[in-house]
Amino acid sequence: MAWAEVEAFLVDDDPVVVFTRTCGCVIWWCLFRLSLSHLVFCGSVVHGTKCTAAIHATVQAIAITWVVTHDPNISPLYWALLRFRLADADILNVTSPAVSFLATLAAGEFGMQMLHLRAWYEKPADLVLVAHHVLCLVLWPTNVANRRGLLFVTVFLTYEISTPFLMALFFDNVKKTSVIKLLVGTAFMLSFVLVRLGTLPATLVACYKSLNEFPSPNLPRWYTGQYAFAMSNVERLTAFVPLLVNSHWGLLVIRGYLRALRSTLLKPAGVSTGDTVETKTRKAD
């Protein structure tokens with residue numbers, strides 16, 4: 001297969017290709033996790049899963065930063081969204097080969113995490129994270145195949161900028177060193193507030209604006225006719241879910257960070273700090 005064909009496969013938005021690519025990404029991240037677990041973490045599934053999530057988030061953070069600064073279709077609309085200056089722009093039907101690939105790559109990583117659910121699921125509160133992963137795994141490839149909502153997927157992918165710091169808080173060499181833990185926890189909290197909570201008001205306004213952008217002349221055939229009512233309401237209901245989830249996580253992150261900071265600063269050296277940033281915020285993926 002020529003490189004041009006490989007490149008076309010990686011960014012194609014044909015539904016069959018998107019499904020195949022997503023499944024391929026799930027397999028890739030599972031093999032990547034397996035390699036990390038056995039080569040680095042002595043067979044530990046949970047450590048391999050956390051490290052894979054951190055590496056994936058780092059790759060996504062670098063790639064999505066390029067998208068929002070250089071992609072000719074996404075970049076102008078992304079910054080207009082943050083400035084509340086979208087005017088009459090068609091924000092639901094903008095396309096981007098880069099986001100098409102990154103969305104399926106992320107969906108594959110979420111699929112890998114769901115296949116290793118038993119390794120990281122600890123308490124009923126983690127059900128929110130499970131729901132988050134399932135929705136992203138299903139809806140993001142659907143967005144790509146439908147050529148719909150990729151601007152919002154871009155915003156949600158920028159959330160990954162905070163994830164490497166969260167994953168780092170899981171590992172013992174960070175948790176057991178108070179200064180490093182405090183620095184990494186601070187970096188996580190600040191990046192979370194910046195890319196997740198800071199963009200939330202503008203994204204909420206854009207979501208509300210997009211409610212009136214249905215139907216569109218660019219819709220695929222399964223959006224029209226008898227399916228139009230169902231698909232329009234699926235869009236409207238799911239558009240706000242990530243914002244609600246991250247608002248919930250934002251409260252947990254800030255509250256947990258402040259508790260950990262007080263414990264670190266007020267307790268004498270050598271005394272356990274009790275609640276850590278990691279234990280209070282690990283559910284915020």
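Two residues are said to be in contact when heavy atoms of theirs lie within 4.5 Å. With that in hand, S100 makes a handy starting point in this predicted model. Setting aside neighbours within four places in sequence, S100 touches V11, R21, V144 and L150. S100 itself sits in helix α5, which covers residues 97-115. Its relative accessibility comes out at just 4%, and because anything under 20% is classed as buried, S100 counts as buried.

Stepping back to the whole chain, the fold is built with 15 helices and zero strands. Of its 285 residues, 48% count as buried. Sequence-distant pairings feature heavily: taking contacts between residues at least 6 apart in sequence, 74% link residues at least 24 apart. As for the outside, the chain exposes about 14000 Å², and 69% of that area is supplied by carbon and sulfur atoms.

Then there is the largest pocket, with a volume of about 530 Å³. Its lining takes in 35 residues, and those nearest the pocket centre are L139, N143, F156, T238 and A239. Two or more lining residues come from each of α7 (127-146), α8 (150-158), α12 (200-210), α13 (228-239) and α14 (241-266). Helix α7 gives the largest share, eight residues. In chemical terms, the lining of this pocket splits into 20 nonpolar, nine polar and six charged residues.

How values were computed
Residues are numbered from 1 along each chain as its sequence is written. This is a predicted model: local features need pLDDT of at least 70, side-chain atom pairs count only at pLDDT 80 or more; totals for chains, interfaces and linings use all residues. Side-chain values use heavy atoms; hydrogens and water are left out. On a 1 Å grid over the protein atoms alone, a cavity is a set of points where a 1.4 Å probe fits but cannot get out, and a pocket is an open set with protein on both sides within 12 Å along at least five of seven lines; lining residues have an atom within 4 Å of a point. Grid points are joined across faces, edges and corners, and a volume is the space filled by probe spheres set on the points. Helices (H or I, at least four residues) and strands (E, at least two) are DSSP runs, numbered from the N terminus. Ala, Val, Leu, Ile, Met, Phe, Trp, Tyr, Cys and Pro count as nonpolar, Asp, Glu, Lys and Arg as charged, and the others, Gly among them, as polar. Buried means under 20% relative accessible area, exposed over 50%, partly exposed in between (1.4 Å probe, protein chains only). Accessible areas come from the Shrake-Rupley method with a 1.4 Å probe; for residues, only the protein chains shown count as cover.
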